[in-house]
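Q: I am new to this structure. Please take one part of the chain, look at it closely, and then show me how it sits in the whole.

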Amino acid sequence: MAIPLLMAAFLAAVGRFIPRRVSDALAVLTSAAVTALCIRLMQESVDNPIVYWFGGWFPRKGVAVGISFVIDPIGAGLGALTGVLVTAAFIFSVRYFDALGAMFHVLMLVFLAALCGFGLTGDIFNLFVFFELMSASAFALCGYKSEEPSPLQGAINFGVTNTIGAFLVLTGIALIYGRTGALNLAQMSRGLGTAHDGLVLVAFAFVVCGFFVKAAVIPFHFWLADAHAVAPTPVCILFSGVMVEAGLYAVARVYGSLFAGPLSPHEAKVRALFIGLGVATALVGGAMCFAQRHLKRLLAFSTISHMGLMVMGFGLGSQGGLAGAAVYALGHGLIKASLFLCVGLLLHRFKTVDEIPLRGRGKKLPTLGLLLTLGGLGLSGLPPFGTFLGESSMEEAAEKLGYSWLSWVFAVSAILTGGAVLRAAGRIFLGLGPPEEEVPGVGGETSEKPETAGPHKGLPVSMVAPAAALLLLGLVMAAWPGLRHKADAQAERMRDTAGLAARVLEGTTLAPPILAPPEPLRASAVRGVLVTLGAALLAALTLFRKSLPEAVRRPVAQLVDSGLYPLRELHSGHVGDYVAWLTVGAVGFGSLCALLLR
């Protein structure tokens, strides 16, 4: 965490006096070094979490005197993923921007440092502080092109809604602090015990709603598409690739440490509450994704849909559900980052990210077309992409708990989001689909401008290589030896609240979890292939809809348009509307908690 902060301070002080290429090189080396260190921390913390007390202020008789880092493979993995994405963003930005000030590097490095601290800390207040440090840099990165009105509006929407979420989290932390007199998660866990009263429920509602704003879970999601539409492409890969996943990680970490014990008598109701939110997020996000023609908005809404899948995995509360959600987050982050870079390449080459004007213009860019198509297949869960591995684990966990119907929700989300990307690939790189005047208005247009002066006749290797490398990582991660078993072991350890508290406060060595071998994925692989075929079929039906009989095409088009109209109206772009829906969501979630968990 100190390395990127120190480099950020150095570049802030001297960045204007040194050549840009030097700043680029220093930023890339810094983020790469952080990635390597986080990977080492993942390896070293596999057997037992690493507990580090700053200044040597060790606990006394179970009371945390100082501040600790509690490092496990999932938290360190979050830092490693962030490092990979920031490194890719820096490399891509070398040719993406004509003029790039050192402040861009500073903000990106602060974001990286904050995410590392967020993933490693064992103190709930520092968890909040690091998340807000990350948010502050994200607000500035979203409005980086401050000379234009759209980025400022998107950054304001982003900042206002997420600041309200921060106040919700802070209020919940204050309530639990008042009850336990502690801020260390392990000590707070022991202080709460199995106490279950109104204060715990209110704190639970505040913390979950606040972090769900960050995670863009419906109805707290409205800021996400606006932020993606106006932020520079290298920034978008951080928003969708790791920031929203960090919001869900915060919920999982705090819930497992503090609220799982007090709410254990209502475990089934808590599961239903989270799964309900996940289903709504997955379906609404998928529908809005398929309705877009602005490619960055399309990918943003697909992120919302996939967050719904991860919320369902976490909501199951089982070892398999948590492990599947963690693996899915990793695969999704890599694939989605690659897709955003592909969209940035389209903007660089053709000066637009609107699917309709791009129709047929990518025929001479087969490499980019291949990358975008493979990314769409990855979003649909095609084996052996990492998304398939995580989704399969979550589906298996759902079946064991009697939620086998969730596999249909996973399938619908994958078909809608994967189909939307495949449709865009077919239109842009093959020239398929009707011309512009025959396409119904289904999404936002864009006035976004490229960051480099044209004309551009080719695609720089330094821009294509990061997109290809991220996609390759998302593809081969499923072949990582023992990934499923290791994820299961860490998820089981994450659920061991008492053991983790003993490790942090007394230094106890934890015994390795005893787990059954993972089941074969043959049936899941077949299902993944069928779902991918469904996504391709949906894309084909959209592109070739003029070939369908009028008696079929017209009623379907009217039904789809009438169903999407209210959703489009809700996403008005007005921050007041978004705050109103955030309030409705917080009140609704709190009311459900009062009714179901009292």
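A: Start with Lys-61, in the loop between β1 (50–53) and β2 (68–71). The model is a predicted one. Lys-61 has a relative accessible area of 88%. Exposed means over 50%, so Lys-61 counts as exposed. Its backbone also deserves a look. Phi of Lys-61 is near 55°, a positive value in a residue that is not glycine. Most residues other than glycine have a negative phi. Now look across the chain from this loop. Ala-536 is 475 residues away from Lys-61 in sequence, and the two C-alpha atoms are separated by 61 Å.

For scale, take the C-alpha trace along its principal axes. The protein chain spans about 70 × 60 × 50 Å. The radius of gyration is 23 Å, and a compact globule of 598 residues would have one near 25 Å, so the chain agrees with that picture.

The loop of Lys-61 runs between β1 and β2. The protein chain has two strands, along with 22 helices.

Another lysine can be set beside Lys-61. Lys-351 has a positive phi of about 65°, and Lys-351 is not a glycine either. This lysine is in the loop between α13 (319–350) and α14. Its relative accessibility is 46%, so Lys-351 counts as partly exposed.

Two more loops carry a backbone feature of another kind. Most peptide bonds are trans. The bond from Ile-218 to Pro-219 is cis, with omega near 5°. Pro-219 belongs to the loop between α8 (198–215) and α9 (223–230). Pro-383 and Pro-384 are also joined by a cis peptide bond, with omega about 5°. Pro-384 sits in the loop between α14 (366–379) and α15.

From that loop, step into helix α15, which covers residues 386–400 and holds Glu-395. Glu-395 has 5% relative accessibility, so this residue counts as buried. The cut-off for buried is under 20%. Neighbours up to four places away in sequence aside, Glu-395 touches Ser-407, Phe-410 and Arg-527.

Charges can be viewed over the whole chain too. There are 42 positive and 34 negative side chains. The centres of the two sets lie 4 Å apart.

Next, go to the N-terminal side of the Lys-61 loop. Val-34 is in helix α2, residues 20–44. Its relative accessibility is 5%, so Val-34 counts as buried. Leaving out neighbours within four places in sequence, Val-34 is in contact with Ile-3, Pro-4, Leu-112 and Cys-116. Val-84 is 50 residues along the chain from Val-34, and their C-alpha atoms are separated by 9.0 Å.

Leu-185 gives another view of the interior. This leucine lies in helix α7, residues 185–192. At 4% relative accessibility, Leu-185 counts as buried. Beyond residues up to four places away in sequence, Leu-185 touches Gly-122, Ile-124, Arg-253, Ser-257 and Leu-258. Thr-497 is 312 residues from Leu-185 in sequence, yet the C-alpha to C-alpha distance is 9.9 Å.

What about the chain-wide pattern of contacts? Take those between residues at least 6 apart in sequence. Of these, 82% join residues at least 24 apart.

Now the nonpolar interior. The largest nonpolar core has 183 residues. Phe-118, Phe-204, Phe-212, Phe-259 and Leu-406 touch the most other members. Look closer at Phe-118. Setting aside neighbours within four places in sequence, Phe-118 is in contact with Leu-78, Leu-127, Phe-130, Phe-131, Ala-246, Tyr-249, Ala-250 and Arg-253. Arg-253 is also among the contacts of Leu-185.

Another core, of seven residues, lies apart from the largest one. Its members include Trp-53, Ala-64, Val-70 and Ala-186. This brings us back to the starting loop. β1 covers 50–53 and β2 covers 68–71, with the loop of Lys-61 between them.

Finish with the balance of inside and outside. Of the 598 residues, 59% count as buried. The protein chain exposes about 22,400 Å². Carbon and sulfur atoms supply 68% of that area. Lys-61 is on the exposed side, at 88% relative accessible area. Val-34, at 5% relative accessibility, is buried.

How values were computed:
Residues are numbered from 1 along each chain as its sequence is written. This is a predicted model: local features need pLDDT of at least 70, side-chain atom pairs count only at pLDDT 80 or more; totals for chains, interfaces and linings use all residues. Side-chain values use heavy atoms; hydrogens and water are left out. Helices (H or I, at least four residues) and strands (E, at least two) are DSSP runs, numbered from the N terminus. The radius of gyration is taken over C-alpha atoms; the globule rule is 2.2 Å times the number of residues to the power 0.38. Buried means under 20% relative accessible area, exposed over 50%, partly exposed in between (1.4 Å probe, protein chains only). Contact means heavy atoms within 4.5 Å. Accessible areas come from the Shrake-Rupley method with a 1.4 Å probe; for residues, only the protein chains shown count as cover. Lys and Arg count as positive and Asp and Glu as negative; His and the chain ends are not counted. The place of a charge is taken as NZ of Lys, CZ of Arg, CG of Asp or CD of Glu. A nonpolar core is a set of buried Ala, Val, Leu, Ile, Met, Phe, Trp, Tyr and Cys residues joined through side-chain atoms within 4.5 Å.
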